[in-house]
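Biologist: Could you take me through one part of this protein in some detail? I would like to look closely at the sheet, and then see what surrounds it.

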Amino acid sequence: MKLIIALITVLSFSLWGADTVIKGTTKVLTFSKIPSDARVTFGKKSIPILRHPTDTSKYIAFIPVNYRSAPGIKQVVISYDTGEKKVDLNITSGHYKSETITVAPSKVTPNAQQRKRTAREYQEAMKIYGTFHKKRYWNQPFIAPMHSHITSSFGTARMFNNTLKSYHSGTDFRAAVGTPVHATNDGVVVLAKNRYYAGNSVVIDHGEGIYSCYYHLSDIRVKKGDVITQGETLGLSGMSGRVSGPHLHYAIMLNGVQVDPLHFHAQVNRLFENAPPAQ
Ligand SMILES: [Zn+2]
């Protein structure tokens with residue numbers, strides 16, 4: 001028998017109008033009930049429907065809003081056999097800062113051989129981030145990769161050596177070379193190697209399209225395939241790759257999109273609030 005459709009959260013969205021979401025951040029949709037054949041899409045992207053981590057009667061969907069999104073209304077579409085619902089998101093530009101950075105010229109204008117390498121590394125990374133594993137490892141709230149000052153937030157508009165325009169795709173933590181870097185949740189190591197821009201890098205798959213990334217390390221202490229527990233030391237911070245000084249660059253890839261990692265942590269961790277204590 002078909003489930004009765006009662007998209008309570010979705011209905012409340014239509015009553016209250018569009019929800020404002022800053023580009024580069026994550027919107028979490030919660031469904032009290034959802035048809036078993038429902039599909040969620042945001043633009044051209046198919047968004048997985050996941051179990052709520054603490055409330056077995058609910059489902060959730062993480063909507064990653066790309067930093068390069070144009071401001072304005074964008075719709076999440078929930079379609080199912082007998083109809084569809086739309087949720088308006090009002091995308092805004094936020095108040096991201098800007099900064100100028102000086103790095104080695106070869107990290108801004110790589111030669112042909114280096115470009116070949118970066119292209120290969122980009123392809124490899126995109127293949128990883130585009131892979132969806134059903135097994136959930138994030139069964140608890142996320143923690144910070146280290147306790148330190150944030151020296152550059154996600155989303156800061158950047159100009160490298162007065163020539164290359166970019167934006168900051170993660171959060172930088174101040175860290176002297178050799179500071180331990182911790183896994184922010186349980187998962188599996190899917191990348192542990194040196195890369196041209198990211199330097200010594202570790203990427204962890206937390207399942208369900210969530211990946212965390214730890215860059216510019218001086219030393220990598222894990223290898224591909226390792227099963228990791230939250231808080232485990234993945235390596236030591238450093239200044240490998242494209243940097244102007246030692247720090248940890250921490251990033252989250254969600255459904256193939258870079259999102260503000262600490263904002264994502266906060267959104268996920270709210271799902272664990274008011275949860276009954278573990279038995
Ligand atoms: Zn960074």
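Modeller: Happy to; I will begin with the open sheet, go on to the contact between the domains, and end with some strands and a helix further along the chain. Please keep in mind that this is a predicted model.

The sheet is an open one of five strands, and reading across it gives the order β1-β8-β7-β3-β4, with mixed pairing. At its edges sit β1 (19–22) and β4, each of which pairs on one side only. From one strand to the next, the twist averages 35°. Within this sheet, β7 (residues 72–80) and β8 (residues 83–92) are antiparallel and are joined by nine bridges. If you want a place to look in that pairing, find V77, which stands opposite K86 in β8.

Now for the wider setting. The protein is divided into two domains: domain 1 covers 8–94, and domain 2 covers 98–266. Their C-alpha centres are 26 Å apart. Where the two domains meet, domain 1 puts 13 residues into the contact and domain 2 puts in 15 residues. On the domain 1 side, β4 (45–47) and β6 (59–64) each supply at least two residues. So how do the residues on that side divide by character? Seven of them are nonpolar, five are polar and one is charged. Edge strand β4 therefore turns up twice in this picture: it pairs on one side only in the sheet, and it supplies at least two residues of the side of domain 1 that touches domain 2.Further along the chain, β13 (residues 171–174) is a good strand to follow, with partners that include β10 and β20. Strand β10 (residues 150–152) runs antiparallel to β13, and two bridges join them; here S152 stands opposite D172 in β13. With strand β20 (residues 247–254), β13 pairs in the antiparallel sense over four bridges. In that pairing, R174 stands opposite H247 in β20.

Last comes helix α2 (residues 112–129), with 18 residues. At 1.5 Å a residue it should span 26 Å, and its end C-alpha atoms are 26 Å apart, which agrees. Is this helix largely buried or in the open? Of the 18 residues of α2, the number buried is one, so the helix lies largely in the open.

Key: Residues numbered from 1 in each chain as written. Predicted model: local features only at pLDDT ≥ 70, side-chain atom pairs only at ≥ 80, totals over all residues. Domains from an automatic or database assignment. Contact = placed C-beta atoms within 7 Å. Nonpolar A, V, L, I, M, F, W, Y, C, P; charged D, E, K, R; others polar. Pairing = 2+ DSSP bridges. Expected span 1.5 Å × (residues − 1). Buried ≥ 20, exposed ≤ 12 C-beta atoms within 10 Å, placed from the backbone. Axes fitted to C-alpha atoms, helices over the stretch in contact; angles between N-to-C directions.
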